[in-house]
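User: I'm new to this structure and would love a close look at one part of it. Could you walk me through how the helices are arranged against one another?

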Amino acid sequence: PALRRLSHYLLAHYQKGTRPVRDWRTTTNVAIDLMVYAILSVDEKNQVLTTYIWYRQHWTDEFLTWDPARFDNLTQISLPVESIWVPDILINEFVDVGKSPHVPYVYVGHHGEVQNLKPIQVMTACSLDIYNFPFDVQNCSLTFTSWLHHIRDINLSLWRQPELVKFDRSVFMNQGEWELLYVLSRFQEFSVKSSDSYAEMKFYVVIRRRPLFYTVSLLLPSIFLMVMDIMGFYLPPNSGERVSFKITLLLGYSVFLIIVSDTLPATAVGTPLIGIYFVVCMALLVISLTETILIVRLVHKQDLQPHVPEWVRRLLLERAAVLLCIRDRKTFSRSRTQSSDISMQLENNDSAAKLNHYGCEDPRERERAGGARPAPAVA
């Protein structure tokens, strides 16, 4: 059969240990392509991004050529990957080997074009910025480079146009937490301490988080609790329910923070803005409770403080009054004596309201009424 004869013809004297060029000065150009299939997970604590990509390589092998007329017009054949030379192109950001399916074959054309297509589960290190969580946008890079060969041996290029790679979302699963915005590509040369340069092809995967779930489960309950705290100021201070209502809100918000603590991303570098927002809301609830306690204290202050001592009353109503030129000393002393008599009557008589009415009545009003009942003046 033509396939067996062609496979035996190509691999009979093939040596996969050397770079497939007839002149060692010839550079092997490897064209690569990338399509993002899914964003599996984003680990903010360990700064790891797990993606599933479709990766393609294309290069020319000068020892895998044939005449299609000799082999029943065969122009393509699939050969085992272990039997031919494959470039050692890796991703620099690799932190763990993912569970990628193994594809054992490559496609070879009659001019020597080799196509290596395979899906890869990539676990890469990425500098994640969670300050704007849950409205954050992440930019993670995938750097493809030859780990051993210099740029004069293996050079990298882009298989498709950069515009086609940038907005290619044809295979992306668009129903997860993350949304793919675009994929940028850039070629650059990399060297270490003025040594030989290495070719690098960088792909910047820009993704955005969908914030609907976190808005409903985090922001809205917190806003509702803060609105209820503001409405608590409409309760009358002497009802006795304002303090207990504020304490209940504070306890409810504490339980809410304990529940959502596992949802917030945790990193050792910084704190997300929504975490600062929760702390400020908790501080406002504590300040509101403190203010409520002070207001209740002021309302019931007259019931809690003791009677004024006699020496303080004499000092303020006699000495300080004369110094401040409030009124004459004798008149003020006589008014104070009458006030003391009225106070004794208020304590021993059950009709306190009637005495208070006559004691606080204006003398000019009594004169208009006829002055039938004399009333003592109250200071």
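Analyst: Helices α3 and α5 run roughly parallel to each other in this predicted model, because an angle under 35 degrees counts as roughly parallel and their axes cross at roughly 15°. Those two axes come within 11 Å, and α3 passes α5 in a left-handed crossing. On the α3 side, the residues that meet α5 are Leu218, Leu219, Ser222, Ile223, Met226 and Asp229. Facing them from α5 are Ile274, Tyr277, Phe278, Cys281, Leu284, Leu285 and Ser288. Sorted by class, the contact of α3 with α5 holds ten nonpolar, two polar and one charged residues.

Now bring in helix α4. The axes of α3, which covers residues 212-231, and α4 cross at roughly 170° and come within 10 Å. That angle makes α3 roughly antiparallel to α4. From α3, the contact uses Ser217, Leu218, Pro221, Ser222, Leu225, Met228 and Asp229. From α4 come Phe245, Lys246, Leu249, Tyr253, Phe256 and Val260. Nine of the residues in the contact of α3 with α4 are nonpolar, two are polar and two are charged. You may recognise some names here: Leu218, Ser222 and Asp229 of α3 meet α5, and Leu218, Ser222 and Asp229 are also part of the contact with α4.

The remaining pair is α4 with α5. Helix α4 spans residues 242-260 and α5 spans residues 273-299; they pack at an angle of about 165°, with their axes 9 Å apart. This makes α4 roughly antiparallel to α5. As for handedness, α4 passes α5 in a left-handed crossing. The α4 residues in this contact include Arg242, Val243, Ile247, Leu250 and Leu257. Among their counterparts in α5 are Met282, Val286, Leu289, Thr292, Ile295 and Val296. By class, the contact of α4 with α5 has 16 nonpolar, three polar and two charged residues. Some residues turn up again here too: Lys246, Leu249, Tyr253, Phe256 and Val260 of α4 meet α5, and Lys246, Leu249, Tyr253, Phe256 and Val260 also belong to the contact with α3. Over on α5, Phe278, Cys281, Leu285 and Ser288 are in contact with α4, and Phe278, Cys281, Leu285 and Ser288 meet α3 as well.

It helps to set these helices beside the UniProt record. An unreviewed UniProt entry places the feature "transmembrane region" at residues 212-235, 247-268 and 274-296. In the model, residues 212-235 are 83% helix and 0% strand, with the end C-alpha atoms 35 Å apart. Residues 274-296 are 100% helix and 0% strand, and their end C-alpha atoms lie 33 Å apart.

Finally, a glance at what comes before α3 in the chain. Strand β11, residues 198-209, pairs with β10 in the antiparallel sense over twelve bridges. One such bridge links Leu180 to its partner Ile207 in β11. Both strands belong to an open sheet of four, ordered β4-β8-β11-β10, with antiparallel pairing. β4 (89-91) and β10 (178-190) stand at the edges with a single partner strand each, so one side of each is left without a neighbour in the sheet. On average, neighbouring strands of this sheet are turned by 20° against each other, direction ignored.

Conventions. Residues are numbered from 1 along each chain as its sequence is written. This is a predicted model: local features need pLDDT of at least 70, side-chain atom pairs count only at pLDDT 80 or more; totals for chains, interfaces and linings use all residues. Side-chain values use heavy atoms; hydrogens and water are left out. Axes are lines fitted to C-alpha atoms, for helices over the stretch in contact, and angles run from 0 to 180 degrees between N-to-C directions. Angles under 35 degrees count as roughly parallel, over 145 as roughly antiparallel, 65 to 115 as roughly perpendicular and the rest as oblique. A crossing is left-handed if the near helix is turned anticlockwise from the far one by less than a right angle, and right-handed if clockwise. Contact means heavy atoms within 4.5 Å. Ala, Val, Leu, Ile, Met, Phe, Trp, Tyr, Cys and Pro count as nonpolar, Asp, Glu, Lys and Arg as charged, and the others, Gly among them, as polar. UniProt positions are given in the numbering used here, feature names are shortened, and annotations may be inferred rather than shown by experiment. Two strands pair if DSSP finds at least two bridges between them.
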